[in-house]
Amino acid sequence: MSANNSDQAILLIHCPDKIGLITVITQFIGQNAGNIVDLDEHVDAHNEMFFCRICWELEGFLIPREAIGRAFEESIGSKYQMTWKLHFSDQVPKMALMVSKSTHCLYDILSRQISPDWEFEISCIISNHRSSEHIAQQFGIPFHHFEVNRSNKEEVEEQQKTLFDQYEVDFVVLARYMQILSADFIKKYPNQIINIHHSFLPAFPGAKPYHQAFERGVKIIGATSHYVTEDLDAGPIIEQDVVKISHKDSVADLIRKGQDLEKIVLSRAIWAHINRKVLCLDNKTVVFD
């Protein structure tokens, strides 16, 4: 949101690259009395694809907000084969949090929700353990426990999807949720499920990555936040970072430093997502500044 707190339209676009795309997009906004407050673009020269994020103030804009998408598609979108999404800054994204036993990411996200700088709503917390129920109660957030095993996995996921529909959930964050989601579950929320992986993918996937890193004597460890796809731990990467370690660090030190890094990387990914700064194409992302 802009400094004067005016409502804004946020448009994310990707399409085949052509000369003059910035001009036609800005002319559409300018000719309708829109005041552009932010514009960022990127051209993937290898694949000849154009990416853009543009924001403008809605105050004084000549097209009613409910008609902007149709007007854009008719005048520009279809002509230039654009794939686009329109958002509005006053629409607060609703998150569902899924967690197992580890709570470091859960606490971090909960603390950010109460910060005035972060505009999102946690609609519910889902867990396959009851150990986080008291945390949800402390923050006044609905908590739902689901026992998950091989025989009831499909049934449980159907219940969870129904619950998310009731809460009108926009996106899901796996805050160390140690269950593999089914393909049907993932398809319902394309590029809307954010995971934090406790290693610098693709290095050290699977169980006990910090133990693997310790055995290899690595000098850095990392964390990766990505959108979930059917290809396990191989979805489009939103954010990554690393922290230096040394021969003096024990496995416990690696875990402590790694968990701190997980919180930071996951929060950056969530920030980019809720501020509509991420564009996905194939299995890669463009994350605008």
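Begin by selecting isoleucine 196 and serine 225: in this predicted model, serine 225 of strand S10 is the bridge partner of isoleucine 196.

**The seven-stranded sheet**

Extend the selection to the two whole strands. Strand S9 covers residues 193–197 and strand S10 covers residues 220–227; the two run antiparallel and are joined by four bridges. A further position to mark is isoleucine 194, which stands opposite tyrosine 227 in S10.

Next, colour S10 by accessibility. Seven of its eight residues are buried, so S10 is largely enclosed by the rest of the structure.

Now add strand S11, which pairs with S10 in the antiparallel sense over seven bridges. To locate this pairing, select histidine 226 and its bridge partner in S11, isoleucine 237.

With these strands shown, display the complete sheet. It is open, has seven strands in the order S7-S6-S5-S8-S9-S10-S11, and its pairing is mixed. The edge strands are S7 (143–145) and S11 (237–244), each of which pairs on one side only. Viewed along the sheet, neighbouring strands are turned by 20° against each other on average, with direction ignored.

Select helix H3, residues 104–113, which packs on this sheet. Helix H3 touches strand S5 (94–99), strand S6 (121–127), strand S8 (171–174) and S9. The direction of H3 makes about 165° with that of S6.

**The loop between S10 and S11**

Return to S10 and move to threonine 229, found in the loop between S10 and S11. Is threonine 229 buried, partly exposed or exposed? Its relative accessibility is 23%, and threonine 229 therefore counts as partly exposed, the cut-off for buried being under 20%.

Show the surroundings of this residue. Leaving aside residues up to four places away in sequence, threonine 229 touches Ile186, Ala234, Gly235, Pro236 and Asn283. A distance may also be drawn to isoleucine 193: the C-alpha atoms of threonine 229 and isoleucine 193 are separated by 8.5 Å, while the two residues are 36 residues apart along the chain.

**The four-stranded sheet**

Select strands S1 to S4 next. They form an open sheet in the order S2-S3-S1-S4, with antiparallel pairing. S2 and S4 stand at the edges; each has a single partner strand, so one side of each is left without a neighbour in the sheet. From one strand to the next, the twist averages 10°.

Two helices should be added to this view. Helix H1 packs on the sheet and touches S1, S2 and S3, its direction making about 20° with that of S3. Helix H2 (residues 65–77) also packs on the sheet, where it touches S1, S3 and S4; its direction makes about 165° with that of S4.

Isolate S1, residues 8–16. Why is this strand described as largely enclosed by the rest of the structure? The reason is that eight of the nine residues of S1 are buried.

The pairings of S1 can be followed on either partner. With strand S3 (residues 49–57), S1 pairs in the antiparallel sense over nine bridges. With strand S4 (residues 83–88), S1 is joined by six bridges, and these strands also run antiparallel.

Isoleucine 13 is a useful residue to select here. Its bridge partner in S3 is cysteine 52, and its bridge partner in S4 is tryptophan 84. Then select histidine 14, which stands opposite phenylalanine 51 in S3.

**The loop between H1 and S2**

Proceed to asparagine 32, placed in the loop between helix H1 (21–30) and strand S2 (35–44). At 17% relative accessibility, asparagine 32 counts as buried. Not counting residues up to four places away in sequence, asparagine 32 touches Gly60, Phe61, Leu62 and Ile63.

For a longer view, draw the line from asparagine 32 to histidine 273. Their C-alpha atoms are separated by 28 Å, and the residues lie 241 residues apart along the chain.

**The cavity**

The tour ends with the internal space. How many cavities of 30 Å³ or more does the structure hold? There is one, and the largest cavity contains about 40 Å³ of space.

To display its wall, select Val148, Lys153, Val156, Glu157, Gln160, Tyr177, Gln179 and Leu181, which line the largest cavity. Coloured by class, this lining shows four nonpolar, two polar and two charged residues.

Terms used: Residues are numbered from 1 along each chain as its sequence is written. This is a predicted model: local features need pLDDT of at least 70, side-chain atom pairs count only at pLDDT 80 or more; totals for chains, interfaces and linings use all residues. Side-chain values use heavy atoms; hydrogens and water are left out. Buried means under 20% relative accessible area, exposed over 50%, partly exposed in between (1.4 Å probe, protein chains only). Two strands pair if DSSP finds at least two bridges between them. Axes are lines fitted to C-alpha atoms, for helices over the stretch in contact, and angles run from 0 to 180 degrees between N-to-C directions. Contact means heavy atoms within 4.5 Å. On a 1 Å grid over the protein atoms alone, a cavity is a set of points where a 1.4 Å probe fits but cannot get out, and a pocket is an open set with protein on both sides within 12 Å along at least five of seven lines; lining residues have an atom within 4 Å of a point. Grid points are joined across faces, edges and corners, and a volume is the space filled by probe spheres set on the points. Ala, Val, Leu, Ile, Met, Phe, Trp, Tyr, Cys and Pro count as nonpolar, Asp, Glu, Lys and Arg as charged, and the others, Gly among them, as polar.
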